[in-house]
Every structure is written in C-alpha cells, then in structure tokens.
Amino acid sequence: MPPIAVTPVPYGRPALAALREAVATAKAGDPLAPVTVIVPSNHVGVTARRLLASDALGPVTAVGRGVAAVDFLTVYRLAELLGAATLAGRGLRPVSIPSLSAAVRQVLGAAPGLFAPVADHPATEAALVASYRELRDLPDAALSAIARTGPRAADVVRVHRATRAVLAEGWSDEEDLMAAAAERVAADPQAAAALGPVVVHLPQLLTLHAAALVRAVAGHQTVQVLAGTTGDPRADADVATTLARLDVPVPAPSEPPPAGVGVVAPTVAPDRTRVASASDADDEVRHAVRQVVAAARAGTPLDRMAVLHPAADPYARLLHEHLTSAGVAVNGPSPVPLASRAAGRTLIGLLALPEQGWRRQAVLDWLGTAPLRHEGRPVPVAAWERLSREAGVVAGRDQWDTR
C-alpha cells in the first residue's frame, strides 16, 4: 500500500495555495487528468473550486485557464459514489431519523430495561437515537468495554445492539455505506483508479469507517493529506486523531507567526480591557449593568456608553429589565417587536382578512382578539356574531356589505 503523504499547512489562504500546488502536481501538466479532492464540507469545496477556477491562486496547468476534471467531494459523498450500488443490490435502503426512532421505540417496547419508567418519554427516545449514532462507529470490542463500566451503560449498549439488529434487516446507515465503499475499492481497484490522485483537504475528525475508506483508496491510489494546523494542541486535536486513524504520523505543530506578520495591532490598551466570568446570561447582564452604573457614578455620560450582546434572545430582554430596575434610561431597539404588540397583531390580522376571503369565522376571531372600540366602547363581538349568523353571512365582502 502506497504511504499517505501528509503536508502540514496553516489555515486560510496558504491552505488553498497548497491545494492548488497539490492539484497541479497530480495533473502533471494534463488539464483533463482526473483528480479527487476530499473536503470537510460542501461549502469548503465550493470555495476551493471557485478559487482554483478563477486563477487567483495561479494556474493549475500551463494549458488554458480554470480547472477541469477535479471532483470536490465530502467523504460521505465519495462513499455514496462507491458503495451505494452495492447496498442497493442487497436490498438495503438508507435509514432516516424517523426510521431509526421507530426502531428504538420497538426495542424499548419489547425490553425497556432500566428505561422502563421513562420508556415512553420523547426525551428518552431522542437520547437513545443520539447515543446510537455515536456508538455506531465503534467496533464490538469497544462496545463491550463500555458496557462493563456500569448498569446504565450496559443497557444503552444493549439498546444500541438491539436497534442495530432491527435495522440490519432492511436498512443501511452511513457506516454501512463507508464499509461497502471500502469493500468495493478492495475488490475492484479500477474504482480507485477512476478517482485519480486523491487530495484530502483540511480534514477534521473522520470517523473510524471514513478513515478505513480513505486507507482502502490509498491501497490503490496516491493520497495526499493537507493537514491544517494552528500550533495549539487543543485546536489540532481532531486533526491529530484523524491522522492517527489514517496510520500516518502527526506533523509537528506550526510555528506561531512572527510579531507584526498577519497580526492586527490592538487599538485598545490592555489595561482598559477586562474579562469577567459569569455563570449564565442573567449573571452576565447583571455584571454589565453594574459596570454601567459604576461608570455613570464616576462621571461618564450615559450617551458615551454601549452594551453589546451576541444575540437578542435573551440578552435584549434581560438588559431592558435590569437597566429599568437600576433606573437607567435605555436608548436602543425594543426587546418586543411591533408584531408582538397588540397594535401590530391587530394590523397584521386585518391585512390577512382579504387573503382569508373575509370568512365569517376569521373576521370574528380577529374581532375577539383585537383591542377594537366601536362608538367609544369595546366592540360587541357576541352581538355581532349572533347578527351575522342570523343574516347568513359565510364569507366574502359582498355578503358582509349586503346582509
């Protein structure tokens, strides 16, 4: 089996430049030579394809511009191309979340075990479906080791195995697809040859089955891995795990960039920046309001302060509540949109009546929920409902006008 070549690259533009170089080397001057690039996601593939086609990174070959005969595939899509026909020939259909949930319910209905008190709860089903998807990638020996850690773990593994047995009769999952693709490559080397040289671009965490598929392809085709590194072992942990699963050495961490190269100088002095730790959003907001009040007492005008938050929910509501409680005037977007206020709901309901054909029930529902007044008094909805029923109003403006 040819060794898998690994090239450590930093993320960003340098990684794309390394990809262009790898594709150019694989094509060896032939613009129509096939090359397969395995990308971590579809949007990464779209970005890489567009940059290679634009020649912004330099030409791929000396003949013409752009790029041709290069497939950008996720590892799942690669497995689908290689193994879907094999599974279809066995009469297996791709499993969906509803099918998986139904299998879990079937297993719990037959033998709930420790989950008997909560077997019918939707959260139990959702948790067991999630655990099935996590455990599905593990070999049987690893599942047995997990089962030995305690009664609850043993029951989770039991449900997992029973669910797998139910699904195996007519369904296939991603791991089945990866295994079928690896078997196809092992039995038919021409399947790997049709891919051309393979470049694995910035892989993240590959499953065991996905890594086995890449190793199977490497048995018949050259494979180069462009491993993204940051120099931080924690950030590079998933990449290191993937390389270990591919049986290739983990590259040394990249050196940090020299001072002043690619680094934007801070515009705020470090002594003017403080970082606080909070337990939840409410605690964050209380801390921010205390800072605002302290700054106001120290002489900073309120119109020279701003409180920024990452999302409207729940921060906008909490900020308005706490600032109001502290007696601080607020100038900013209201946490309650106009559509959620009585006036907004009334207007939106009125504008929707023509689309509903002025149906009697729709009109009366709107009148009953809107704060409307007639001749200075609340609308007599009950009386109008009785009169319109006696008049035989069903729908349409003409019936309301004439009857």
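**Helix H5 and the parallel sheet**

Helix H5 (residues 122–135) comprises 14 residues and reaches 20 Å from its first C-alpha to its last, close to the 20 Å expected at 1.5 Å a residue, the expected span being 1.5 Å times one less than the number of residues. Helices (H or I, at least four residues) and strands (E, at least two) are DSSP runs numbered from the N terminus. The model is predicted: local features need pLDDT of at least 70, side-chain atom pairs count only at pLDDT 80 or more, and totals for chains, interfaces and linings use all residues. Residues are numbered from 1 along each chain as its sequence is written, and side-chain values use heavy atoms, with hydrogens and water left out.

The buried residues of H5 (under 20% relative accessible area, 1.4 Å probe, protein chains only) are Thr124, Glu125, Leu128, Val129, Ser131, Tyr132 and Leu135. Seen down the axis of H5, these residues fall within an arc of 165 degrees, so they line one face of the helix; the arc is taken from the directions from the helix axis to the C-beta atoms. The face turned away carries Pro122, Arg133 and Glu134, which are exposed (over 50%). Cover for the buried residues of H5 includes helices H4 (97–110), H6 (140–147) and H7 (151–167), contact meaning heavy atoms within 4.5 Å.

Five strands form an open sheet in the order S1-S7-S6-S2-S3, with parallel pairing (at least two DSSP bridges between two strands). Strands S1 (5–10) and S3 (70–73) stand at the edges with a single partner strand each, so one side of each is left without a neighbour in the sheet. Strands S2 (residues 35–38) and S6 (residues 198–201) pair in the parallel sense over three bridges, and Thr36 stands opposite Val198 in S6.
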